[in-house]
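Q: Hi! I've just opened this one and would love a quick tour. Can we go through it together?

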Amino acid sequence: PVLESTPQEHNLQYTMERKLEDIMVEEGYMQAMNYHFVSSQFQDEFLGNTAGYASLGLNITDADARVKNPLNEDLDVMRKSCLPGLFKNLVHNYRHGLSVGRFYELGGVFRKKENDYLQSHVLSMISWGQMESLWTKNKNEYVVYDIKAAIENLMTKLAIKGWMWKTIKEDNIPSFFHPGQVSALFVEGKIIGVMGSLHPKI
């Protein structure tokens, strides 16, 4: 028998994630895919005091989503942020001779709020080093400007308008960022992300 039906449209989240992936590749970023299970100790050390993060739109102030029977102590919670994993990617690649890198991760982050387990999808990016060629040497340029340009291109390609960068109060700056080198991205008055240089102590 002939099946007379039209194909269903893709889920909106799936469509948007594929579009984001295409844009990030166009901006020169490679996709990282890290475990959703992480070490609570490393995550807490990296994120530091999260008390002021809620004002930045970072949903990582709630309790950890703990694993009841973890495979080992390094996989005892679900990740609250993609940044600790991306930082490990940076360190691993740099130690193995990759002096320049551009990574992004698009995935789920998890937290426990009262008796509920919540999941959000986030886009995170990390960059280090400057590309060099016979004609161009950009060692003195700050890598953070590359991320800023990529984010602004992303906003343009997604036809998002009404966005602007704003400085953050020092009391609210995440401890893994360098003070004075961090900004928040607002869209129509609502904060949607944070960008900055990693703190030297990291």
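Q: Let's start with E21. Which helix is it in?
A: E21 belongs to helix 1, which covers residues 12-26. Do keep in mind that we're looking at a predicted model.

Q: And is E21 buried or exposed?
A: Buried: its relative accessibility is 17%, and the cut-off for buried is under 20%.

Q: What does E21 touch, apart from its neighbours in sequence?
A: If you leave out residues within four places in sequence, E21 is in contact with Q31, Y104 and L106.

Q: Where does L20 sit?
A: L20 is in helix 1 too. L20 has a relative accessible area of 14%, so it counts as buried.

Q: Which residues does L20 touch, then?
A: Not counting residues up to four places away in sequence, L20 touches L106, L123, L154 and L158. L106 turns up on the contact list of E21 as well.

Q: I was also looking at N172. How far is it from L20 in space?
A: They are 28 Å apart, C-alpha to C-alpha, with their positions 152 residues apart in sequence.

Q: OK, let's zoom out. How many helices and strands are there in the protein?
A: There are 4 helices and 9 strands. In sequence order they follow the pattern α-β-β-α-β-β-α-β-β-α-β-β-β.

Q: What are the overall dimensions of the C-alpha trace?
A: The trace spans about 65 × 45 × 40 Å along its principal axes.

Q: What share of the residues is buried?
A: Of the 202 residues in the protein, 38% are buried.

Q: And what about contacts between residues far apart in the sequence?
A: Take the contacts with a separation of 6 or more: 61% of them are between residues 24 or more positions apart.

Q: Next topic, helix packing. At what angle do helix 2 and helix 3 cross?
A: Their axes cross at roughly 90° and come within 10 Å. That angle falls in the 65 to 115 degree range, so helix 2 counts as roughly perpendicular to helix 3.

Q: Which residues make that contact?
A: Helix 2 brings F42, F46 and L47, while helix 3 brings L83, P84, F87 and K88.

Q: How do those divide into nonpolar, polar and charged?
A: The contact has 6 nonpolar residues, no polar ones and 1 charged.

Q: Now pockets. What's the volume of the second largest one?
A: That pocket has a volume of about 280 Å³. It is lined by 17 residues, and those closest to its centre are Y35, F37, V38, G85 and K88.

Q: Which elements give two or more residues to that lining?
A: Those are strand 2 (37-38), helix 2 (40-47) and helix 3 (83-95). Helix 3 gives the most, with 4 residues.

Q: So K88 shows up twice?
A: K88 is part of the contact between helix 2 and helix 3, and K88 is also listed among the residues closest to the pocket centre.

Q: What's the chemistry of the lining in that second largest pocket?
A: The lining residues divide into 8 nonpolar, 6 polar and 3 charged.

Q: Last stop: where is G193?
A: G193 is in strand 9, residues 190-198. With a relative accessibility of 18%, G193 is on the buried side of the 20% cut-off.

Q: What is G193 in contact with, and how far away is W165?
A: Setting aside neighbours within four places in sequence, G193 contacts S183, A184 and L185. The C-alpha atoms of G193 and W165 are 9.8 Å apart, and the two residues are 28 apart along the chain.

Definitions and conventions: Residues numbered from 1 in each chain as written. Predicted model: local features only at pLDDT ≥ 70, side-chain atom pairs only at ≥ 80, totals over all residues. Heavy atoms only, no water. 1 Å grid on protein atoms, 1.4 Å probe; cavity = no way out; pocket = protein on both sides within 12 Å on 5 of 7 lines; lining within 4 Å. Points joined across faces, edges and corners; volume = space filled by probe spheres on them. Nonpolar A, V, L, I, M, F, W, Y, C, P; charged D, E, K, R; others polar. Buried < 20%, exposed > 50% of the residue type's maximum accessible area, 1.4 Å probe, protein only. Contact = heavy atoms within 4.5 Å. Axes fitted to C-alpha atoms, helices over the stretch in contact; angles between N-to-C directions. Parallel < 35°, antiparallel > 145°, perpendicular 65-115°, else oblique.
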